[in-house]
Structures are given as structure tokens and as C-alpha cells.
Amino acid sequence: MQSFSDCLISMGDVARTELHDILSLPLFSANNTRTDHTHFYLFLKHLRSSIMADINLFYLFLLAPLTLLLILALIVRPRAIRIPIKGRHVFITGGSSGIGLSLAHQAASEGARVSILARNPDKLEEARNSIRLSTGIEVAIFSADVRDLEAVQRAINEAGPIDILICNQGVFVPQELEMQEIETVKFMIDVNLMGTFHLIKAALPGMRNRGNRGPASIALMSSQAGQVGIYGYTAYSASKFGLRGLGEALQQEVIADNIHVSLIFPPDTETPGLLEENKRRPQLTSIIAASSGAMKADEVAKKAISGIKSGTFIVPCNFEGLLLSIATAGLSPQRSSMMAFIEVVAAGIMRIAALFFQWNWYTSIAKWHAQQGYGPYSDEDLTGMKAMDKDG
Ligand SMILES: NC(=O)C1=CN([C@@H]2O[C@H](COP(=O)(O)OP(=O)(O)OC[C@H]3O[C@@H](n4cnc5c(N)ncnc54)[C@H](OP(=O)(O)O)[C@@H]3O)[C@@H](O)[C@H]2O)C=CC1
Ligand SMILES: CCCCCCCCCCCCCCCC(=O)[C@@H](N)CO
């Protein structure tokens with residue numbers, strides 16, 4: 001802030017000296033006569049318009065953005081924060097596999113006290129061994145199903161007050177809704193969304209009364225499919241969009257307790273879960289998801305931890321994710337005035353980019369249906385339309 005206002009002041013100085021230089025130009029030459037009046041008038045006119053142009057340009061390219069940045073720096077809420085994880089209790093669900101396991105490794109290696117929760121005790125045991133092997137640190141393991149509120153409550157009571165709660169457990173069964181059993185829909189909503197409610201309900205009282213009053217965090221693992229709906233993900237996207245509503249509302253409720261919410265939005269990530277998913281993924285789901293490439297679980301965990309430490313509300317994981325976060329900023333809180341600035345300035349162009357992505361995706365869908373000889377754009381229709389084009 002200091003350097004920023006200094007900058008504004010020195011820019012004001014530049015403008016003043018420039019103006020002064022121009023105004024102190026000799027207006028009357030030695031042999032100034034009556035006949036020079038038209039010249040003098042023209043000179044003044046020219047001077048006025050060139051000053052105006054200078055000021056306009058100066059304002060447009062320097063002062064206006066700086067003023068905007070200054071205003072944003074004053075108004076962004078919640079305020080910037082650092083949340084240390086060293087020596088603190090980090091509780092990670094789904095910590096026995098994939099992204100959760102990477103998160104546990106990383107938190108342990110940064111000196112946190114780590115607890116992990118999942119259903120399968122063998123996988124938990126295996127995770128504990130692998131973390132001990134690579135970091136020498138012993139993590140606490142808890143076997144529970146997040147769908148069972150009482151089991152979650154027992155695990156969290158046993159684990160002790162949490163400083164950083166990472167709700168990472170998640171299930172994904174991609175399939176067209178018409179084909180999908182309603183039980184499968186309910187399964188995803190129950191584990192991904194209701195499970196997260198259970199975790200927060202169980203952990204919040206302890207987090208509120210945590211002994212150290214240092215800043216705490218609740219992080220929710222969403223997905224880029226929680227920022228934009230994707231073919232084959234009706235239930236999954238709904239569960240992940242749900243986390244955003246939960247997170248936005250919750251942040252307002254817990255800010256007074258110095259608790260900070262982060263939502264993580266990874267693209268496809270190489271995990272045991274994705275391997276399983278790929279066995280049954282509709283072709284169109286893969287085509288559309290490929291717009292954002294794939295990441296390694298360790299890379300996602302790294303982005304997630306750094307987002308959590310800076311209390312960032314929306315945490316993207318790759319470049320496409322950054323674009324997606326700017327395009328879908330909506331009314332989410334933003335602590336960074338620089339990010340807020342980019343969101344404001346880029347809004348229009350991002351909407352255009354988004355429309356191009358939709359154009360691309362709907363073209364893929366149309367092509368796919370044409371290949372299947374089905375839908376509004378069947379092969380026959382397409383040749384029919386072309387024939388009509390030719391006929392005029
Ligand atoms: N991989 C990807 O492409 C992406 C993943 N994500 C999200 O990241 C998170 C982790 O995904 P990923 O690492 O791939 O998943 P994995 O399938 O590799 O691991 C899932 C973890 O969650 C646990 N889990 C599943 N169901 C429950 C339950 N009912 N109760 C408690 N624990 C449960 C699993 O253990 P157990 O089965 O023993 O219970 C396991 O530890 C998910 O929320 C997912 O939606 C987001 C974007 C992309
Ligand atoms: C305006 C700019 C737009 C930028 C590009 C948008 C790209 C969107 C791609 C979405 C991919 C969703 C992958 C979901 C992965 C997932 O969650 C499953 N693997 C289940 O785990």
C-alpha cells in the first residue's frame with residue numbers, strides 16, 4: 001500500500017511539471033504585433049487540445065488503472081492473511097489415496113500434525129506406512145464413512161481440535177443422467193456434499209474453541225466440473241457446485257472466528273480414482289475434460305496447500321483453471337487486489353473466451369451425435385442441410 005500511494009503521488013508530480021512546462025512557454029515573441037493574433041489564437045487552441053490529449057492519454061493508461069487498483073485494494077474482503085501449517089493439526093479426508101494422500105505427504109513434510117480419514121482400514125494403514133517411509137512422520141488414521149455423521153463425530157473427537165480441515169473425499173461416476181441409477185446420483189451427492197456438511201458440523205465446535213488463536217482453515221475439494229457443467233457429470237457437477245454455495249455462505253459465518261474457507265478446483269488428476277473413472281467415462285466427457293489437460297496429484301496438492309496457506313477462496317490449479325476462475329468469479333470473496341483487478345479488467349474478454357469454449361464443446365457434441373446417426377444433427381440432416389445450401 002505504501003509504495004502504491006507513493007507511486008500515485010509521484011505520477012501526480014510528473015503531470016504537474018509537464019503542465020507547468022507547457023504553460024510557461026513564451027507566448028509572445030519579440031515582434032508581437034496585431035497581425036499575430038490569429039497565430040496566437042491558433043497556438044492557444046493547439047496548446048489546449050494537446051494538453052487535453054496528454055491528460056486524456058495519461059489518465060486512460062496510467063491513472064485510471066491505478067485508481068481502480070487503489071479502490072480495489074481498499075475494498076477487497078476478507079483481508080489478506082497467512083495461515084501457517086507447521087506444528088498445526090491438519091485433518092485430511094480421503095487421505096489414503098490420490099490427491100488426499102499427496103496432501104498428507106506434503107503437510108507431514110512441512111511439519112504439520114496430520115490425521116487422515118477414509119473408509120478402508122487397509123488403505124489407511126498403507127498410506128501411514130508410505131508417509132512414515134518418506135517423511136519419518138507418523139500420521140493418525142481414522143476409518144469412517146463420511147456419510148455416517150456419528151462415525152465422523154467419533155473420529156474427530158478422538159483426533160482432537162483441528163486447525164486445518166481438508167474435506168477432500170470424493171466419488172465420481174460419469175454417466176448420462178438418463179442412464180444413471182438414482183442411487184448413483186444420491187451416492188455422489190451424499191459422499192461429496194452431505195459428507196462435507198457432516199465433517200464441518202463435527203469439526204466446527206472444536207475449531208472455534210481451538211487453543212491457539214491462530215488463523216484456521218476449512219478447505220473443500222471441488223473440481224473444475226464444479227465451475228462449469230460437463231457432459232456426463234450431472235450429479236458430480238451438482239455435488240461440486242454445491243460445495244461452492246456452502247463455502248461462500250460458510251465463510252461469512254466463520255470469519256469472526258478467524259477461520260478461512262478455501263475451495264480447490266483441480267482439472268483431471270492422475271489418481272487411482274481417475275483410473276477407475278476412465279474405465280467407464282463417456283467419450284464426450286473425456287473430450288470436453290481434455291480442454292483442461294491433466295495434472296499429477298502432487299502438483300495439485302502443492303497448489304492446494306499454497307492456496308490454503310494464503311487463505312485464497314478460489315484456488316485454481318493450472319492455467320485453464322486460472323482462466324476458469326476469472327471467468328466464474330461472480331460474487332465470490334477475493335482477498336487479492338491484484339486478482340480482483342484482473343477479474344474486473346478481463347471480464348469481457350473472458351466471457352468471449354467462455355463462449356468460444358462452449359462453441360467448441362457443442363460442436364464436438366454435434367459431431368459425436370452425427371457419427372452415431374442420432375439427434376438434431378444426424379448425418380442425414382447434415383447432408384440434407386448441405387444439399388439445401390447448394391440449392392440456395
Ligand atoms: N482425480 C481427478 O481427476 C479429480 C479429483 N477431484 C476431487 O479430488 C478428490 C480426491 O480425488 P482422487 O484423489 O482422485 O480420489 P481417489 O478415488 O483416488 O481417492 C478417494 C479418497 O476418498 C476416500 N473416500 C471415498 N469415499 C469415502 C467415504 N464415503 N467416506 C470416507 N472416505 C471416502 C477414499 O478412501 P476409501 O475408499 O477407503 O473410503 C480415498 O481415500 C475428490 O473429491 C475428487 O472429486 C477433483 C478434480 C479432478
Ligand atoms: C473461459 C476460459 C475457460 C477455460 C477452460 C475450461 C476448461 C474446462 C474443463 C473442465 C474439466 C473438468 C474436469 C473434471 C475432473 C474431475 O473432477 C473428474 N476427473 C472427477 O474426478
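The exercises below work through one predicted protein model, each with a stepwise solution.

Residues are numbered from 1 along each chain as its sequence is written, and chains are lettered from A and ligands numbered from 1 in the order in which they are written. Local features need pLDDT of at least 70, side-chain atom pairs count only at pLDDT 80 or more, and totals for chains, interfaces and linings use all residues, while side-chain values use heavy atoms, with hydrogens and water left out.

**Exercise 1. The whole chain**

State how many helices and strands the protein has, what share of its residues is buried, and how it is divided into domains.

Step 1. Helices (H or I, at least four residues) and strands (E, at least two) are DSSP runs, numbered from the N terminus. The protein has 13 helices and nine strands.

Step 2. Buried means under 20% relative accessible area, exposed over 50%, and partly exposed in between (1.4 Å probe, protein chains only). The protein has 392 residues, and 43% of them count as buried.

Step 3. Domain bounds come from an automatic or database domain assignment. Domain 1 covers 2-26 + 33-75, domain 2 covers 89-322, and domain 3 covers 350-391. The centres of domain 1 and domain 2, taken over C-alpha atoms, are 53 Å apart.

Step 4. Contact means heavy atoms within 4.5 Å. Counting contacts between residues at least 6 apart in sequence, 75% join residues at least 24 apart.

**Exercise 2. Two helices that cross**

Describe how helix 11 and helix 12 are placed and which residues make their contact.

Step 1. Find helix 11 at residues 319-327 and helix 12 at residues 337-372. Their axes come within 8 Å and cross at roughly 85°. Axes are lines fitted to C-alpha atoms, for helices over the stretch in contact, and angles run from 0 to 180 degrees between N-to-C directions.

Step 2. Classify the angle: under 35 degrees counts as roughly parallel, over 145 as roughly antiparallel, 65 to 115 as roughly perpendicular, and the rest as oblique. Helix 11 is therefore roughly perpendicular to helix 12.

Step 3. List the residues. Helix 11 contributes Leu 322, Leu 323, Ile 326 and Ala 327, and helix 12 contributes Met 339, Ile 342, Glu 343, Ala 346 and Met 350.

Step 4. Sort them by class: Ala, Val, Leu, Ile, Met, Phe, Trp, Tyr, Cys and Pro count as nonpolar, Asp, Glu, Lys and Arg as charged, and the others, Gly among them, as polar. The result is eight nonpolar, no polar and one charged residues.

**Exercise 3. Two serines with polar contacts**

Which side chains make polar contacts with the side chains of Ser 292 and Ser 239?

Step 1. A polar contact is a pair of N or O atoms within 3.5 Å; within protein, one must be able to donate a hydrogen and the other to accept it, and residues adjacent in sequence count only if both atoms are side-chain atoms.

Step 2. Ser 292 lies in the loop between helix 9 (283-289) and strand 8 (294-296), and is buried at a relative accessible area of 9%. Its side chain makes a polar contact of 2.6 Å with the side chain of Gln 224.

Step 3. Ser 239 belongs to helix 7 and is buried at 0% relative accessibility. Its side chain is joined to that of Asn 192 by a polar contact of 3.1 Å. Beyond four places in sequence, the residues that Ser 239 touches also include Met 188 and Leu 193.

**Exercise 4. Backbone exceptions**

Where are the cis peptide bond and the positive phi of Asn 258?

Step 1. Recall that most residues other than glycine have a negative phi, and most peptide bonds are trans.

Step 2. The bond from Arg 77 to Pro 78 is cis, with omega near -10°. Pro 78 is in the loop between helix 2 (37-75) and strand 1 (89-93).

Step 3. Asn 258, although not a glycine, has a positive phi of about 60°. Asn 258 sits in the loop between helix 7 (234-254) and strand 6 (259-265), and at 24% relative accessibility counts as partly exposed.

**Exercise 5. Residues in strands**

Is His 260 buried or exposed, and how far is its C-alpha from that of Lys 309?

Step 1. His 260 is in strand 6 and is buried at 4% relative accessibility.

Step 2. His 260 and Lys 309 are 49 residues apart in sequence, and their C-alpha atoms are 9.7 Å apart.

Step 3. Turn to Val 114 in strand 2 (residues 113-118), which is buried at 3%. Val 114 and Ser 262 are 148 residues apart in sequence and 18 Å apart, C-alpha to C-alpha.
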